[in-house]
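Below is a short report on one structural model. Please view the sequence and the coordinates first.

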Amino acid sequence: MTGSPISIDLVSQSNASASEVLEDEYAALGRKLERRGIAIDAIKDRVKDFGVAVPSWGAGRGGTRFAKFPLAGEPTNIHEKLEDCAVIHQLGKSTPGVSPHFPWDCVDDYAGLREEAAAYDLVFDAVNSNTFQDQPDQVQTYATGSLSSTVEATRQQAIEHNIDCIEIGKKIGSKRLTVWVGDGTNFPGQQDLGRSLDRYIDATSHVYDALPADWTMMLEHKMFEPAFYSSVIADWGSSLMAAQELGDQCKCLVDLGHHAPNVNIEQIVARLHRAGKLGGFHFNDSKYGDDDLDSGSINPHQLFLVFNELIEAERNPREGFDPSYMIDQSHNVTDPIESMLSSAETIAGCFARAVIVDREALSAAQNDNDVMLAFRTLRAAYDTDVGPILAKAREEQGGAIDWLGVYRASKYRERKAQERKAVGLGAGIV
Ligand code: RM4
Ligand code: MN
Ligand code: MN
């Protein structure tokens, strides 16, 4: 089935009953912003243009190392995942892109898959390679590394897989490859810490060489897990070193959950931007480690501060600044559609708050070293309830003002539970 998976009538009926209150709240917020010299409609237009891609792998229930609790009606293949992503975009209108993961999303007909997505009003965003798991038909194991493996044939296999991903990406209209490896060690002394990075950069350069001229490769760092003593690309420093050695088409991707607790991620964003190497984001949240919690569920303020740097970067662009935004979460106890709608709203909300920061006032206060004024200028934007702007943007684009109410009223998941085959138990992705 293609088109709009949720009844358009249901969306319009719900919007009709919610629009009067929304008009009132939007007008009140508009007056408030006007007193600050901000035109609310201009912010709403920015929100309409804002998009964040959803991960195909996030459409299913994730799991932990301990268990996975499947959800009746969760998707079992990329076609069903696309249908769920279509629901998310239909109701929320801020997630036009889907980021696929291979080989999880492999099909025979990629041109057909691209058309299938287009029929849902979706496009494919960055393709993700997977050399952190062994596949049934695989010759070399990745148990002790992939692109940084000590075994040449293993590195070669990982290179070829990444090149295959580029080939698939070309067919589905993607222009970005995200490379995250689980490579690293679990014991001191297990590998030489310097030479493993040499091997990684050397192998990755062969993938880089296969990039079409208009493509970007994004290196994603992660502090730990699955390697618990050292990871080859553990931090933004290693990622930046590799990206700089590889060339202009290689940039760094920041997954918010891949840092030690309390690390100043917004400063990392500013640093990578300064180096012209800020490639993209994986949005999620964490309390302890790479928890893959819903974006902004733990620390929405940090998400706002990240967007504050991004708006700053947009106003002072360095060479090739064109970051791609993606969600990367694992939903263990919620319906993934609800979680991604909620996250997309939170992300767009942090973006909107960052857009309304009074930049002139902020930079004047910074130059005057007026600490409290600088802080309060930023805080004034963060404290603004931008909900009516987001809801109005959704309404005007045919999305749902009350996306949660409409989604639940549609009984979409219950219907899918009848149609789709059940997913087995077992550990999910982490
Ligand atoms: C990793 C990392 C990657 C994602 C996998 C599934 O922790 O965040 O981006 O592709 O998980
Ligand atoms: Mn990630
Ligand atoms: Mn992760």
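## Helix α12 and a distant pair

A374 sits in helix α12, which spans residues 371–382. This is a predicted model. The relative accessibility of A374 is 13%, so A374 counts as buried; the cut-off for buried is under 20%. I233 offers a long-range reference point. Between A374 and I233 there are 35 Å in space, C-alpha to C-alpha, and the two are 141 residues apart in sequence.

## The ligand site

Which residues come nearest to ligand 1? Of the 11 residues around ligand 1, the nearest are H101, E220, K222, H258 and D328. By class, five residues of the shell are charged, three are polar and three are nonpolar.

Three side chains have polar atoms at short listed distances from an oxygen atom of ligand 1. The table gives the values.

| Side chain | Ligand atom | Distance |
|---|---|---|
| K222, polar atom | oxygen of ligand 1 | 3.1 Å |
| H258, N or O atom | oxygen of ligand 1 | 3.1 Å |
| H282, N or O atom | oxygen of ligand 1 | 3.2 Å |

On its own, ligand 1 has 290 Å² of accessible area, and the protein covers 97% of that area.

## Strand β9 and its partners

Is strand β9 buried or exposed? Strand β9 covers residues 250–255, and six of its six residues are buried, so the strand is largely enclosed by the rest of the structure. In a regular strand, side chains alternate between the two faces of the sheet. Both faces of β9 are covered. C250, C252 and V254 are buried on one side. K251, L253 and D255 are buried on the other. The buried set thus includes the charged residues K251 and D255.

Strand β9 pairs with β7 and also with β10. Strand β7 holds residues 216–220 and runs parallel to β9, with four bridges between them. E220 of that pairing has L253 as its bridge partner in β9. E220 is also one of the residues that come nearest to ligand 1.

Strand β10 holds residues 278–283. Four bridges join β10 to β9, again in the parallel sense. Here L253 stands opposite G280. L253 therefore has a bridge partner in E220 and faces G280 in β10, while its side of β9 is covered.

How is the step from β9 to β10 made? Helix α8, residues 265–274, completes a right-handed β-α-β unit with β9 and β10.

## The three-stranded sheet

A second topic is an open sheet of three strands. Its order is β1-β2-β3, and its pairing is parallel. The edge strands are β1 (54–55) and β3 (123–124), each of which pairs on one side only. Strand β2 covers residues 97–99 and pairs with β3 over two bridges. V98 has F124 in β3 as its bridge partner.

## A buried glutamate in a loop

E74 is found in the loop between β1 and α3, the latter being residues 78–92. The relative accessible area of E74 is 2%, and the residue is buried. What does its side chain reach? One contact is the backbone nitrogen of L71, at 2.9 Å. Another is the backbone nitrogen of R61, which lies 2.8 Å from a polar atom of the E74 side chain.

## Backbone details in the loops

Two peptide bonds to proline deserve a check in any setup. The bond from F102 to P103 is cis, with omega near 15 degrees. P103 is in the loop between β2 and α4 (110–119). The bond from E225 to P226 is also cis, with omega near 10 degrees. P226 lies in the loop between β7 and β8 (230–231).

Positive phi values come next. N262 is not a glycine, yet its phi is about 70 degrees. N262 lies in the loop between β9 and α8, inside the β-α-β unit described above. N262 is exposed, with a relative accessible area of 81%.

D292 is another residue other than glycine with a positive phi, near 55 degrees. The loop between β10 and α9 (300–315) holds D292. Buried or exposed? D292 is buried, at a relative accessible area of 4%.

Note on methods:
Residues numbered from 1 in each chain as written. Chains lettered and ligands numbered in written order. Predicted model: local features only at pLDDT ≥ 70, side-chain atom pairs only at ≥ 80, totals over all residues. Heavy atoms only, no water. Near = heavy atom within 4 Å. Polar contact = N/O pair within 3.5 Å; in protein donor to acceptor, adjacent residues only side chain to side chain. Areas by Shrake-Rupley, 256 points an atom, 1.4 Å probe, with all protein chains shown as cover. Pairing = 2+ DSSP bridges. Buried < 20%, exposed > 50% of the residue type's maximum accessible area, 1.4 Å probe, protein only. Right-handed = clockwise from strand over helix to strand, strands pointing away.
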